[in-house]
Amino acid sequence: MNERYENLLTTFTLPNGVELKNRLVMAPMTHYSSNVDGTVTDAEIKYYSRRSSGVSMVITACTHVTPNGQGFHGQFASHSDEFIPSLKRVATAIKEQGAKAVLQIYHGGKMSPPELVPNGVIVSASDVPAVSGGEEGKIPKPLTESEAEEIIEAYGEATRRAIQAGYDGVEIHGANGYLIQQFFSGHSNRRDDRFGGSLEKRMAFPLAVVDKVKSVVEKHGDASFIVGYRFSPEEPEEKGITMGDTLTLVDALAEKGLDYLHVSLGEFFSTARRGVEDLSKTRIEYLLEKINERVPLIGVGSIYSAEDARNAFATGIPLLALGRELIIDPDWVQKVASGKEDEIVTKIDKEKQEELVVPDPLWNKIVNIPGWFPGI
């Protein structure tokens, strides 16, 4: 191995004492490849297995914790005990290759397509529709307090199923505009009850989910079970989340005894838009300062080469997630480990689907939509 990249592959110990074999994890990416009934396919299992031997931890694509939380076609589910055998297949495939298996749990909220949820009724914090491609979606039904509490419970139940299915942990998906973020956002949350209003009240739902998940782990799991939380730092909409808002949330999350926080970024070195004094500083800089080593932070965003990763680690970030890079080159980590980092492939070869082991639904989107890659 090239000494220049040694720190990428050093071990790292999470707050709960679990040792990761290196500092590189696979980011959660939607793959659209599950069965219609919410169970996993053989193609998914092969996809995960192909990418799990180099990284220290694999965070799965998001799984919905209630039937009305499905956000994508071809998504595997975690909202019933009937799915435990299906969930176990993914955990087993990942762990057999030597990586920790972490199940990402979420609810799509207003981002859920009406045709995928019971009776076509999509829900959210308030009746503010999603906007996609400049067009407004269907107006969501605001959740009552009791309905919101039921969904919080559902996150706990999905965590129990992850434990029973043999996962090493769960990641609470509070990013990318889904339900947890909809409650935190001043744009999408117009409530005046205990789940809305002030910034502190808008944090109530996300923090309640964290508390529920941790309580379930205490009851059904053990100290080695990993609990992480993913967040998006800013929103472009008026009254949307600012970097300042996120720093307040992160400050609270850092006191929750989590094993890691995971920022969702398209570009690792992107700078803050608003809500902080110095807009020339990167979001990563702000986050690391606020966290102040209380909890590990996973960074992500356009890390293609070993040199990209080295530059990212130079910021002091303890862990780094690779997303589309592991679709393009599943052997990314192994090439760095064997001193062949110059052989890392950084652009998708559209003639190598079979070699890359990418399921048809995901591959068809990659090759047919210019510049498209799955969101992370």
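**Exercise 1. The chain as a whole**

What does the accessible surface of the protein chain come to, and what share of it belongs to carbon and sulfur atoms? Describe also the overall dimensions and composition of the chain.

*Solution.* The structure is a predicted model, in which local features need pLDDT of at least 70 and side-chain atom pairs count only at pLDDT 80 or more, while totals for chains, interfaces and linings use all residues. Residues are numbered from 1 along each chain as its sequence is written, and side-chain values use heavy atoms, with hydrogens and water left out.

Step 1. The accessible surface of the protein chain is about 15000 Å², and 46% of it belongs to carbon and sulfur atoms; the areas come from the Shrake-Rupley method with a 1.4 Å probe, and for residues only the protein chains shown count as cover.

Step 2. The protein chain contains 13 helices and 14 strands, where helices (H or I, at least four residues) and strands (E, at least two) are DSSP runs numbered from the N terminus. Its radius of gyration is 19 Å, close to the 21 Å that the globule rule gives for 376 residues, so the chain is as compact as a globular protein of that length; the radius is taken over C-alpha atoms, and the rule is 2.2 Å times the number of residues to the power 0.38. Along the principal axes, the C-alpha atoms of the protein chain fill a box of roughly 55 × 50 × 45 Å.

Step 3. Of the 376 residues, 58% count as buried (under 20% relative accessible area, against over 50% for exposed and in between for partly exposed, with a 1.4 Å probe and protein chains only). Among contacts (heavy atoms within 4.5 Å) between residues at least 6 apart in sequence, 69% join residues at least 24 apart.

**Exercise 2. Strand 10 and its partners**

Why can strand 10 be called largely enclosed by the rest of the structure? Trace the pairing on from strand 10 through strand 11.

*Solution.* Step 1. Strand 10 comprises residues 169–174, and 6 of its 6 residues are buried, so it is largely enclosed by the rest of the structure. The burial applies to both faces, with Gly169, Glu171 and His173 on one side and Val170, Ile172 and Gly174 on the other.

Step 2. Strand 10 pairs in the parallel sense with strand 5 (residues 100–106) over 4 bridges, pairing being assigned if DSSP finds at least two bridges between two strands. Within this pairing, valine 102 has glycine 169 of strand 10 as its bridge partner.

Step 3. Strand 10 also runs parallel to strand 11 (residues 226–231), to which 6 bridges join it, and glutamate 171 stands opposite glycine 228 of strand 11.

Step 4. Strand 11 in turn pairs with strand 12 in the parallel sense over 4 bridges, where tyrosine 229 has leucine 261 of strand 12 as its bridge partner. In strand 12 (residues 260–263), Tyr260 and His262 point one way and Leu261 and Val263 the other way, and all are buried.

**Exercise 3. Strand 4 and leucine 20**

With which strands does strand 4 pair, and which residues is leucine 20 in contact with?

*Solution.* Step 1. Strand 4 (residues 57–64) has 8 of its 8 residues buried, so it too is largely enclosed by the rest of the structure.

Step 2. Strand 4 pairs in the parallel sense with strand 3 (residues 24–26) over 2 bridges, with methionine 26 standing opposite valine 58. The parallel pairing of strand 4 with strand 5 extends over 6 bridges, and here methionine 57 stands opposite lysine 100.

Step 3. Leucine 20 lies in strand 2 (residues 19–20) and is buried at 0% relative accessibility. Apart from neighbours within four places in sequence, leucine 20 is in contact with Thr11, Phe12, Leu14, Ser56, Met57, Lys100 and Leu319.

**Exercise 4. Two loop residues with positive phi**

Where are lysine 239 and valine 357 found, and is each of them exposed or partly exposed?

*Solution.* Step 1. Most residues other than glycine have a negative phi. Lysine 239 nevertheless has a positive phi of about 70 degrees, and phi of valine 357 is near 55 degrees.

Step 2. Lysine 239 is found in the loop between strand 11 and helix 7 (243–253), and is exposed with a relative accessible area of 57%. Valine 357 is found in the loop between helix 12 (353–356) and helix 13 (360–368), and is partly exposed with a relative accessible area of 22%.
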